[in-house]
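Colleague: Could you take me through one part of this model in close detail? I'd like to hear how the pieces there sit against each other.

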Amino acid sequence: MLLLNATVATMDGTPAYGLVEQGAIATRADRIVWAGPARDLPAEFTDQETIDLGGRLVTPGLIDCHTHVVHGGNRAREFEMRLEGATYEEVARAGGGIVSTVAATRSATQDDLVAGALTRVDAMIAEGVSTIEMKSGYGLNVENELKMLRAAKAVAAQRPVRVRTSYLGAHAVPPEYRDRADAYIDEVCVPGLEAAHAEGLVDAVDGFCEGIAFSPAQIARVFDKAGSLGIPVKLHAEQLSNLGGARLAADYGALSADHLEYANAADAQAMAKAGTVAVILPGAFYTLRETAAPPIDAFRENGVPMAVATDCNPGSSPMSSLLLSMNMACTLFRMTPEEALTGVTRNAARALGLDDAGQIRPGLRADLAIWDVEHPAELAYRIGFNPLWKRIYGGEL
Ligand code: DI6
Ligand code: FE
């Protein structure tokens, strides 16, 4: 395929979006084989099926690198109760909170989970997303953690989208292990990881390091098992308090540390040294009406790569719009539109350990989003508006 008359945001790390005006992109099978100014296009690519983009903007296909898109039920009633003045305890006593999602996920069949996820995944694809990370973490026993990961894989079989799975057995302590978090790690979380890995269901291992979840020492036990299995790690860190999760992640050479509202400059330095990506999740900040913002300036000054994701989940971020998360990252956290777009392309790929996506250059996958906009800043600027014109996934329109 040959795309002509394109404005190409290559996101290749050169300044100003790596923008090429009057550009051309050639693809063969599922790969980009050439990209650059049309006047430099080699003759060998001119005999291909040609699409004139009329000056439209082409970006790499977007990558949502942190989602809990597979889950049972929803928490709209809990949202309503909180707005009616119910306290957190009242919500919990009425069966709300994360435990209600665990119950709904356990009682769902794998097909139910796939059907529910597809409603959100389709919204993501409609916004130019081509790769989605999906976590387990609402099963919290071996059988149901495996069911969630199998459902994530099944989504990829039913839609033109790439799925990367993260095992999040250390997300919360289930009711049957109340006050026995250590036993949960040893008896469920670690054996569940071994079982999921044996089935080929784990691309990365994640955890929730927080007062209401697991301590750094407990997470370290899960990360040690991941290391012995050769699986990369990432971590929900410093979302509600600073427990040292970001430094733990850096110590383990994590792909990413995510949320980071309570991270500080020392955390940013440790992450920079380890090459750990900061995944910024403005949807959770917004939904929880958090007031502490992640230390964007410290990440910038230390050269920590920043990604942006939806955190799509039924509790703290019931959001499936990656474009909206880009807007929020700019308006709430003062990221630039270029940082936001880098955060859902090049740096999102890095947060998933992918070296074949997130930029437009020869050799990478032909996953492209074509937009009816004049300038890439428009993608972060508009609110609740989807300018996607067409999407190319694996070289297919
Ligand atoms: N941090 C979050 O914001 C979500 N999980 C996590 O580790 C919350 C998940 C939920 O409330 O269902
Ligand atoms: Fe999350």
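Modeller: Sure, here is a walk through a helix pair, and then a strand with its neighbours. Keep in mind that this is a predicted model.

Start with helix α4, residues 110-126, and helix α5, residues 142-158. Two packed helices are described by the angle between their axes and the distance between the axes. Here the angle is about 55 degrees and the axes are 9 Å apart. That angle makes α4 oblique to α5, since 65 to 115 degrees would count as roughly perpendicular and under 35 as roughly parallel. The crossing of the two is right-handed.

As for who touches whom, α4 brings Gln 110, Leu 113, Val 114, Ala 117, Leu 118 and Val 121. Facing them from α5 are Lys 147, Met 148, Arg 150, Ala 151, Ala 154, Val 155 and Gln 158. Sorted by class, the contact of α4 with α5 comes to nine nonpolar, two polar and two charged residues.

Now over to strand β14, residues 368-371. In a regular strand the side chains alternate between the two faces of the sheet. In β14, Leu 368 and Ile 370 point one way, while Ala 369 and Trp 371 point the other way, and all are buried.

β14 has strand β5, residues 57-60, as an antiparallel partner over four bridges, and Pro 60 has Leu 368 in β14 as its bridge partner. β14 also pairs with strand β15, residues 388-392, again antiparallel and over four bridges. In that pairing, Trp 371 is bridged to Leu 388 of β15.

Notes:
Residues are numbered from 1 along each chain as its sequence is written. Chains are lettered from A and ligands numbered from 1 in the order in which they are written. This is a predicted model: local features need pLDDT of at least 70, side-chain atom pairs count only at pLDDT 80 or more; totals for chains, interfaces and linings use all residues. Side-chain values use heavy atoms; hydrogens and water are left out. Axes are lines fitted to C-alpha atoms, for helices over the stretch in contact, and angles run from 0 to 180 degrees between N-to-C directions. Angles under 35 degrees count as roughly parallel, over 145 as roughly antiparallel, 65 to 115 as roughly perpendicular and the rest as oblique. A crossing is left-handed if the near helix is turned anticlockwise from the far one by less than a right angle, and right-handed if clockwise. Contact means heavy atoms within 4.5 Å. Ala, Val, Leu, Ile, Met, Phe, Trp, Tyr, Cys and Pro count as nonpolar, Asp, Glu, Lys and Arg as charged, and the others, Gly among them, as polar. Buried means under 20% relative accessible area, exposed over 50%, partly exposed in between (1.4 Å probe, protein chains only). Two strands pair if DSSP finds at least two bridges between them.
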